[in-house]
Each structure stands twice: as structure tokens, then as C-alpha cells.
Amino acid sequence: MAESTDNIPYTIRPLPEGLSRALFKVPSHLAEFLVSSPVTCRGASFDLHILCGENSADPHDKNESTDMTSIYTDFHSPKPSQTADAIAIRLAARLRDPNLPSASDTCIIT
């Protein structure tokens, strides 16, 4: 299933035990930055990882450009596409403004 939100295209793959994997296509030179901190949305925190192998591209997408890399997160959700949409929106915000604070920077516990 290929989707796109705010120019962050993604695919969702089913995994065992009811998990889903969302793979997001991002500019290769920004992949490390995008996975450096989790995405917080929909009441959860999503760790992101760079897909290794095959030039870090989604192995199911034969048309992926070499200047793009796939990053992914695995999660359980009754509505995986809605969860992936929410993650993609936050990734797009990070691309638009790399200086946005992370959730851990803005949540002050006293």
C-alpha cells in the first residue's frame, strides 16, 4: 500500500503478530537527522530506523531514486494508515524546520 502525506511518501507492510511496518522515503542526506529522535504522536513514541541493505532503499520499490533512503518504524495499530499519516506529518515538519524542538525538549517535568 503506497501513501503520501506532505510529500513524505510511505508504504505499509504487515508484519507477524499484528505489527505493521511503515517505510518512509526521505532524502538520503537527512535520514540520520530524521531518525535521531523518536516521533511522538497518537499517544505513542515511534523509534525510527534506517533501512539497511540494497542502498537503504525499500526493497519492494524498484523505482526508488538513489538520493532517497527508506526509514521505518514498526508498530501495532488498529488503523496503520492513520498512524503512518500522523508520523509522516511530523517527519515533514522536521524537514521544513530542522530546528523544531523534540517532544523531550518541550515536555518539562518538575
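**Figure 1. The hairpin of β2 and β3.** In this predicted model, strands β2 and β3 form a hairpin with 5 residues between them, and Glu-17 in the turn has a positive phi of about 65°. The two strands pair in the antiparallel sense, over 5 bridges. Within this pairing, Ile-12 has Ala-22 of β3 as its bridge partner.

**Figure 2. Glu-17 in the loop between β2 and β3**. The phi of Glu-17 is near 65°, a positive value in a residue other than glycine. Most residues other than glycine have a negative phi. Glu-17 is exposed, with a relative accessible area of 77%; because this value is over 50%, the residue falls in the exposed class.

**Figure 3. Overview of the chain, for orientation among the close-up views.** The chain contains 3 helices and 7 strands. Read from the N terminus on, its elements follow the order β-β-β-α-β-β-β-β-α-α. The chain has 110 residues, of which 35% count as buried. Its accessible surface comes to about 6700 Å², and 52% of that surface belongs to carbon and sulfur atoms. Among contacts in the chain with a separation of 6 or more, 60% are accounted for by residues 24 or more positions apart.

**Figure 4. The pairing of β3 with β7**. Strands β3 and β7 run antiparallel and are joined by 8 bridges. One of the positions to locate in this view is Leu-23, which stands opposite Tyr-72 in β7. Strand β3 thus appears in two of the views: it pairs with β2 over 5 bridges, and it is joined to β7 by 8 bridges.

**Figure 5. Asp-74 and its surroundings in strand β7**. Asp-74 is partly exposed, with a relative accessible area of 33%. Its side chain is joined to that of Arg-21 by a polar contact of 2.6 Å. Leaving aside neighbours within four places in sequence, Asp-74 is in contact with Leu-15, Ser-20 and Arg-21. Asp-74 and Leu-19 are 55 residues apart in sequence, yet the distance between them in space is 6.5 Å, C-alpha to C-alpha.

**Figure 6. Thr-69, a second residue of strand β7**. Thr-69 is buried, with a relative accessible area of 6%; the residue is placed in this class because its value is under 20%. The side chain of Thr-69 makes a polar contact of 2.7 Å with the side chain of Ser-28. On strand β7, then, this view shows a buried residue, Thr-69, whereas the preceding view shows a partly exposed one, Asp-74.

**Figure 7. The largest nonpolar core of the model**. This core has 21 residues, and those with the most contacts inside it are Phe-24, Ile-71, Ile-87 and Leu-91. At least two residues of the core are supplied by each of β2 (8-14), β3 (20-27), α1 (31-35), β4 (39-41), β7 (68-75) and α2 (80-96). Helix α2 provides the largest share, 6 residues. Leu-91 touches Ile-8, Phe-24, Leu-34, Val-39, Leu-48 and Ile-71, not counting residues up to four places away in sequence.

**Figure 8. Helix α2 and its buried residues**. Helix α2 has 17 residues and reaches 24 Å from its first C-alpha to its last, close to the 24 Å expected at 1.5 Å a residue. Buried residues in this helix are Thr-83, Ala-84, Ala-86, Ile-87, Ala-88, Leu-91, Ala-92, Ala-93 and Arg-94. Among them, Ile-87 and Leu-91 are also listed with the most contacts inside the largest nonpolar core.

**Figure 9. Leu-100 in the loop between α2 and α3 (103-106)**. Leu-100 is partly exposed, with a relative accessible area of 42%. This value lies between the limits of 20% and 50%, and Leu-100 is therefore counted neither as buried nor as exposed. Leaving aside its neighbours within four places in sequence, Leu-100 is in contact with Ala-93 and Arg-94. Both of these contact partners are buried residues of α2.

Key. Residues numbered from 1 in each chain as written. Predicted model: local features only at pLDDT ≥ 70, side-chain atom pairs only at ≥ 80, totals over all residues. Heavy atoms only, no water. Core = buried A, V, L, I, M, F, W, Y, C linked by side-chain atoms within 4.5 Å. Buried < 20%, exposed > 50% of the residue type's maximum accessible area, 1.4 Å probe, protein only. Helix = DSSP H or I, 4+ residues; strand = E, 2+ residues; numbered from the N terminus. Contact = heavy atoms within 4.5 Å. Pairing = 2+ DSSP bridges. Expected span 1.5 Å × (residues − 1). Areas by Shrake-Rupley, 256 points an atom, 1.4 Å probe, with all protein chains shown as cover. Polar contact = N/O pair within 3.5 Å; in protein donor to acceptor, adjacent residues only side chain to side chain.
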